[in-house]
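Here's a quick tour of a protein fold for you. Have the sequence and the picture open side by side, and let's walk through it topic by topic.

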Amino acid sequence: MHYGYFNGTIAPTDQLSVGITDLSLLRGYGLFDYFLTYNGRPFQWDWYWERFQNSASRMHLPLPLGKEETYSILLDLIERSGGVDVAFRFVMTGGYSADSITIERPNLLILTESVHPVPPIQYEKGIKVILDEYVREMAEVKSTDYKRVILMAQAIKSAGASDLLYQKGGEISELSRSNFFLIKGDRLITPNRNILHGITRRTILQLAQSDFQIEERPVLLSELYDAEEAFTTSSTKKVLSIVQIGELIIGDGNPGPKSKFLLDRFDDLTKSW
């Protein structure tokens with residue numbers, strides 16, 4: 001059984017509910033964050049809280065809880081879940097509004113969920129993505145607006161792909177729910193604008209410092225042609241090789257050794273978290 005928190009109440013998640021006049025339903029106004037626990041402890045909690053604060057500030061949603069109080073709630077929810085590793089989903093909405101537009105008091109949900117790891121076959125063979133000419137609005141905010149990837153779900157499936165790679169005017173930004181990296185020699189290259197600054201992305205950049213020349217900068221579509229490897233990062237994907245983008249094969253079409261090296265580094269970190 002999974003437990004959650006809603007505006008001061010802790011209960012099984014199937015007993016929590018948000019009213020139908022919430023601004024998230026009426027206006028699509030809300031944000032979220034998502035992270036995992038390892039060894040019963042939230043991963044990179046300081047960084048996730050920092051990002052959640054930033055998203056809330058940019059969305060003009062005052063946080064009802066402080067960092068330490070929230071962390072205590074997380075530990076309580078982990079214990080109620082039997083101490084097993086879980087995924088946490090924070091959802092903060094615009095709340096209930098008399099005129100259906102003015103923010104009065106946000107609603108805060110903290111939910112525990114089962115962890116759904118990437119199928120091992122995807123690490124063995126890598127994934128294909130397709131290009132989409134699109135940039136997310138307020139990309140630095142983890143809002144609940146994911147309609148683009150939902151609208152494109154059939155196109156992704158028809159192409160035998162796993163996800164979208166967003167680009168605009170020939171400049172790559174990110175995947176629909178994760179960040180993007182290229183490897184060329186000892187250079188680790190990742191876009192630095194029109195992106196959500198992922199926590200796994202940040203972790204990989206830190207782990208790679210001693211072995212790669214880090215380049216955070218605008219990345220062009222033309223750079224794909226001479227890339228040795230490409231991969232994406234997120235909480236659930238960790239470091240997942242991209243072996244095909246549209247009709248273009250990356251490298252030799254197989255997950256590369258440098259991506260695998262970074263995945264091993266990440267796994268070593270989480271094992272001892």
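D14 sits in the loop between β2 and α1 (23–26); helices (H or I, at least four residues) and strands (E, at least two) are DSSP runs, numbered from the N terminus. At 67% relative accessibility, D14 counts as exposed, where buried means under 20% relative accessible area, exposed over 50%, and partly exposed in between (1.4 Å probe, protein chains only). The C-alpha atoms of D14 and H2 are 8.3 Å apart, with the two positions 12 residues apart along the chain.

This is a predicted model: local features need pLDDT of at least 70, side-chain atom pairs count only at pLDDT 80 or more, and totals for chains, interfaces and linings use all residues. Residues are numbered from 1 along each chain as its sequence is written, and side-chain values use heavy atoms, with hydrogens and water left out.

**The whole protein**

- The secondary structure adds up to eight helices and 16 strands.
- Why call the overall size what you'd expect of a compact globule? Because a compact globule of 273 residues would have a radius of gyration near 19 Å, and this protein has 19 Å, which agrees. (That radius is taken over C-alpha atoms, and the globule rule is 2.2 Å times the number of residues to the power 0.38.)
- Along the principal axes, the C-alpha atoms fill a box of roughly 55 × 40 × 30 Å.
- Of the 273 residues, 50% count as buried.
- Take the contacts (heavy atoms within 4.5 Å) with a separation of 6 or more: residues 24 or more positions apart account for 70% of them.

**Surface and charge**

- About 12,900 Å² of the protein is exposed, and carbon and sulfur atoms supply 51% of that; the areas come from the Shrake-Rupley method with a 1.4 Å probe, and for residues only the protein chains shown count as cover.
- The 29 positive and 35 negative charges have mean positions 2 Å apart. Here Lys and Arg count as positive and Asp and Glu as negative, while His and the chain ends are not counted; each charge is placed at NZ of Lys, CZ of Arg, CG of Asp or CD of Glu.

**The nonpolar cores**

- A nonpolar core is a set of buried Ala, Val, Leu, Ile, Met, Phe, Trp, Tyr and Cys residues joined through side-chain atoms within 4.5 Å.
- Which residues touch the most other members of the largest core? They are L188, I204, F231 and L262, out of 33 residues.
- Elements giving two or more residues to this core include β3 (30–38), β5 (87–93), α7 (199–208) and α8 (257–271).
- Another core, of 25 residues, lies apart from it, with Y5, W47, L65 and L74 among them.
- Leaving aside neighbours within four places in sequence, L262 is in contact with L188, I204, A208, F212, F231 and V239.
- Helix α7 is mostly covered, with eight of its 10 residues buried; among them are I199, R201, I204 and A208.

**Buried spots and their partners**

- F43 is in the loop between β4 (41–42) and α2 (45–58), and it counts as buried at 3% relative accessibility.
- Sequence neighbours within four places aside, the contacts of F43 include L36, Y48, T203, F266 and W273.
- F43 and S235 are 192 residues apart along the chain, yet their C-alpha atoms are separated by 9.3 Å.
- I242 belongs to strand β15 (residues 238–245) and is buried, with a relative accessible area of 2%.
- Beyond its neighbours within four places in sequence, I242 is in contact with residues including I127, V129, L175 and F231.
- Q122, in helix α4 (residues 120–125), is partly exposed at 23% relative accessible area.
- The C-alpha atoms of Q122 and I242 are 9.4 Å apart, for positions 120 residues apart along the chain.

**Two unusual backbone angles**

- Most residues other than glycine have a negative phi.
- N7 has a positive phi, near 50°, and lies in the loop between β1 (3–6) and β2 (9–12).
- N194 also has a positive phi, of about 60°, and its place is in the loop between β11 (187–190) and α7.
- Buried or exposed, or in between? N194 counts as partly exposed at 39% relative accessibility, and N7 is partly exposed too, at 25%.
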